[in-house]
Amino acid sequence: MNDAAAWSGLEEARRWVREATRIAVLTGAGVSAESGVPTFRDAQTGLWANFRPEELATPEAFRAHPQRVWDWYAERRARLADVQPNAGHVALAEFQARHPDRLTLITQNVDGLHQKAGSTGVLALHGNLFEDRWLDPCLNSALHGGRLGCDPTSAVAGSPPRCADCGNLLRPGVVWFGEMLPMDALDAAERAAVSCELMLVVGTSGAVYPAAGLAHRARRAGARVVVLNPEPTELDDVAHLCLRGTSARWLPALLGD
Ligand code: BJW
């Protein structure tokens, strides 16, 4: 796309932003790329360039290789601890602050950067990288002094940490392939998708469901759909307009006054 075509697409999308009373934004890993966070599927640089997702991001992989998977997450947590939101995250948060109740932010990201930028009510479909939870529901009250379930204080250090009483493992609080998404976040995201007038799909390959299905639902319900991504995505066919650019550069232009 040449500059003139890109610019006229941006102007049209800006008009749609102004006209829409309800906007839903679906973000993916690309939104954090300009903060230095690797995406999942970009060739060479993506996390999956070194590891296949099914080797690491499934409950089966964790049960088979708990230490390898835990250590991979520990490394990602360490790398992300000091990462800062970029101009794209900030543009979304500032728009929401200027227009309370107009924008619902739905993210597949687990890095917490939207929240760090000041976005509120973020619907985090794939969990939170910085939280832990127990791998298994523990029903063995006899091992826990009569209580049902493991107590967070009973976790003993290790890789991964274990419950001192029953051996249950801690795991990262993210959603792996084959796992259900958090129902409250998914329900709210579906409501936002079918009730918005404009959906912005930003920085996602659109390869993972049910998140990607939200764009289809929005379109079927009558919303305008805009994809913002430097590369083609699996959701381009769903979009009325594809803006080919990076989110840190284009979101401020799209959402600014
Ligand atoms: C830029 C940029 C810049 C670069 N600016 N952009 C229907 C059809 C087919 C399959 C399924 C289906 N429904 C469900 C499934 C199965 C499965 C699935 O979708 N599989 C597909 C691979 C086909 N889904 C699931 O299993 C989900 N659960 C589920 O459906 O439960 C119901 C159920 C349960 C049991 C049985 C049956 C049904 C769960 C999905 C969980 C996904 N988890 C992960 C890992 C999280 C933990 C972790 O971080 O380790 O979530 S996978 C990974 O992919 C991560 C991401 O959130 C997700 C999406 O990736 P994203 O964000 O799109 O990143 P990329 O890398 O793919 O794309 C980056 C994009 O950025 C690119 O386009 C770049 O061009 C762009 N970019 N720089 C803007 N500067």
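This section describes the central sheet, one helix, and two loop residues of a predicted model.

The sheet is considered before its individual strands. Six strands form an open sheet in the order E3-E2-E1-E8-E9-E10, and their pairing is parallel. Strand E3 (123–124) and strand E10 are the edge strands, each of which pairs on one side only.

Within this sheet, strand E1 comprises residues 23–27, and five of its five residues are buried. The burial extends to both faces of the strand: Ile 23, Val 25 and Thr 27 are buried on one side, while Ala 24 and Leu 26 are buried on the other. On one flank, E1 pairs in the parallel sense with strand E2 (residues 103–107) through five bridges, and in this pairing Ile 23 is found opposite Leu 103 of E2. E1 is also joined to E8 by five bridges, again with the two strands running parallel. Here Ala 24 has Met 199 of E8 as its bridge partner.

The sheet continues from E8 to E9. Strand E8 (residues 198–202) and E9 run parallel and are connected by five bridges; Leu 200 is placed opposite Val 226 in E9. A helix is associated with this pair of strands, since E8, helix H8 (residues 213–220) and E9 together make a β-α-β unit that is right-handed. Strand E9 itself, residues 224–228, is mostly covered, with four of its five residues buried. Its pairing with strand E10 (residues 241–243) is likewise parallel and involves three bridges. In that pairing, Val 227 has Cys 242 of E10 as its bridge partner.

Helix H4 was examined for its length and for the placement of its buried residues. The helix contains 15 residues (residues 66–80), for which a rise of 1.5 Å a residue gives an expected span of 21 Å; the C-alpha atoms at its ends are 21 Å apart, so the expected and computed values agree. The buried residues of H4 are Val 69, Trp 70, Trp 72, Tyr 73, Arg 76, Arg 77 and Leu 80. These residues cover an arc of only 155 degrees around the axis and therefore lie on the same side of H4.

Two loop residues, Asn 168 and Asp 237, were also examined. Asn 168 is located in the loop that lies between strand E6 (162–163) and strand E7 (170–174). Its relative accessibility is 7%, and Asn 168 therefore counts as buried, the cut-off for this class being under 20%. The side chain of Asn 168 reaches the backbone oxygen of Asp 136 at 2.7 Å. When neighbours within four places in sequence are left aside, the residues in contact with Asn 168 are Trp 134, Leu 135, Asp 136, Cys 138, Cys 150, Pro 161, Arg 162 and Cys 163. Asp 136 thus appears both in this list of contacts and as the residue whose backbone oxygen is reached by the Asn 168 side chain.

Asp 237 is situated in the loop between E9 and E10. With a relative accessible area of 76%, Asp 237 is exposed, as the cut-off for that class is over 50%. Whereas Asn 168 is buried, Asp 237 is exposed. The separation of Asp 237 from Pro 85 is 152 residues in sequence and 29 Å in space, taken from C-alpha to C-alpha.

Technical notes
Residues are numbered from 1 along each chain as its sequence is written. This is a predicted model: local features need pLDDT of at least 70, side-chain atom pairs count only at pLDDT 80 or more; totals for chains, interfaces and linings use all residues. Side-chain values use heavy atoms; hydrogens and water are left out. The expected span of a helix is 1.5 Å times one less than its number of residues. Buried means under 20% relative accessible area, exposed over 50%, partly exposed in between (1.4 Å probe, protein chains only). The arc is that of the directions from the helix axis to the C-beta atoms. Two strands pair if DSSP finds at least two bridges between them. A crossover is right-handed if, with the strands pointing away from the viewer, the path from the first strand over the helix to the second runs clockwise. A polar contact is a pair of N or O atoms within 3.5 Å; within protein, one must be able to donate a hydrogen and the other to accept it, and residues adjacent in sequence count only if both atoms are side-chain atoms. Contact means heavy atoms within 4.5 Å.
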